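Please examine the sequence and the three-dimensional structure shown below. The paragraphs that follow lead from single side chains to the protein chain as a whole.

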Amino acid sequence: MSYFSSKKFLFVCSTKSLSVDWNSSGSWIVAGCSDQVARIWSLDGNASQAREVTTLSPHGGMVDLVRCHPQEAPLMCTVSQDRYARVWDVRAGSGGRNIWKADLVSKHPCAEWHHSKKLLVCVDREETIKIYDLKMNRSTPLKTIPLAPLLVGECRFSPGEGDHLLVATLPPQRSKMGELRILPNWAQSELSSSSGEKKETDGNNNNNNSKEKNCQ
């Protein structure tokens with residue numbers, strides 16, 4: 001059954017929406033809002049208006065980013081200006097339950113799910129990539145990839161097995177050109193450490209473990 005009909009859906013949000021996403025089944029819309037919550041609407045094909053079903057809180061700041069898991073419809077991630085990333089289990093009739101959180105410091109929130117696994121890649125302090133395994137249910141990262149002095153804007157798992165990471169970076173002097181880097185086989189990369197501490201690498205190792213492309 002399609003969740004859509006010829007009728008026009010109308011979403012009314014009382015506060016500013018900063019980020020939006022679909023859940024994997026297409027039955028819900030989620031929005032991160034300026035009033036420190038994420039709101040979820042249900043899409044009912046028999047109604048002309050979406051129905052707000054629950055809110056996700058607490059956050060101590062505006063919710064800048066929302067991301068739904070690509071395959072598991074109840075799983076959602078929110079990132080807030082309170083410096084926390086949270087994962088929620090949102091099941092019908094039970095509202096939202098906060099099942100995981102991690103402390104992140106970044107002016108530009110970034111969090112993306114693996115395509116099939118319960119892996120979440122985040123950016124901390126704008127210069128460090130952290131990959132979390134939600135199956136382990138702990139806030140200690142599975143892998144930490146330091147890229148300082150470069151600043152990290154976005155990162156994505158590759159299609160399929162997600163063995164590689166695509167990273168958009170900027171130099172500390174933001175007026176200069178940015179770079180697109182592919183970090184191959186991140187799980188085995190020397191740039192990664194399972195302890196969560198930064199691992200020293202020289203310039204040659206960085207070059208060998210990443211493919212770079214300059215972009216305007």
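Arg-39 is a suitable residue with which to begin: its relative accessible area is 11%. Because the limit for a buried residue is under 20%, Arg-39 counts as buried. It should be kept in mind that this is a predicted model, and that the values discussed here are computed from it.

Which residue forms a salt bridge with Arg-39? The partner is Asp-35, and the closest N and O atoms of the two residues are 2.8 Å apart. Asp-35 has a relative accessible area of 28% and is partly exposed, whereas Arg-39 is buried. The general principle behind such a pair is that side chains of opposite charge can pair when their charged atoms come close.

A second pair consists of Arg-181 and Glu-179, which also form a salt bridge, with 3.0 Å between the closest N and O atoms. Are these two residues buried or exposed? Arg-181 is buried, with a relative accessible area of 11%, and Glu-179 is likewise buried, at 16%. Salt bridges may also share partners: Arg-67, Glu-112, Glu-154 and Arg-156 are joined in this way into one network.

A further salt bridge brings together the side chains of Lys-118 and Glu-72, with a distance of 3.9 Å from N to O. Where in the chain do these two residues lie? Lys-118 belongs to the loop between β9 (111-113) and β10 (119-124), and Glu-72 belongs to the loop between β5 (63-68) and β6 (75-80). The two residues are 46 residues apart, and the pair thus links distant parts of the chain. Lys-118 is partly exposed, with a relative accessible area of 29%, and Glu-72 is also partly exposed, at 29% relative accessibility.

These pairs may now be placed within the whole. A search of the entire structure finds 11 salt bridges, among them the one between Asp-35 and Arg-39. The protein chain contains 1 helix and 16 strands. Of its 216 residues, 43% are buried. The accessible surface of the chain comes to about 11,400 Å², and carbon and sulfur atoms account for 47% of this area.

Finally, one may consider how residues from separate parts of the sequence meet. Among the contacts in the protein chain with a separation of 6 or more, 43% are between residues 24 or more positions apart. The pair of Lys-118 and Glu-72, at 46 residues apart, illustrates a link between distant parts of the chain.

Methods. Residues are numbered from 1 along each chain as its sequence is written. This is a predicted model: local features need pLDDT of at least 70, side-chain atom pairs count only at pLDDT 80 or more; totals for chains, interfaces and linings use all residues. Side-chain values use heavy atoms; hydrogens and water are left out. Helices (H or I, at least four residues) and strands (E, at least two) are DSSP runs, numbered from the N terminus. Buried means under 20% relative accessible area, exposed over 50%, partly exposed in between (1.4 Å probe, protein chains only). Contact means heavy atoms within 4.5 Å. Accessible areas come from the Shrake-Rupley method with a 1.4 Å probe; for residues, only the protein chains shown count as cover. A salt bridge is a side-chain nitrogen of Lys or Arg within 4 Å of a carboxyl oxygen of Asp or Glu.
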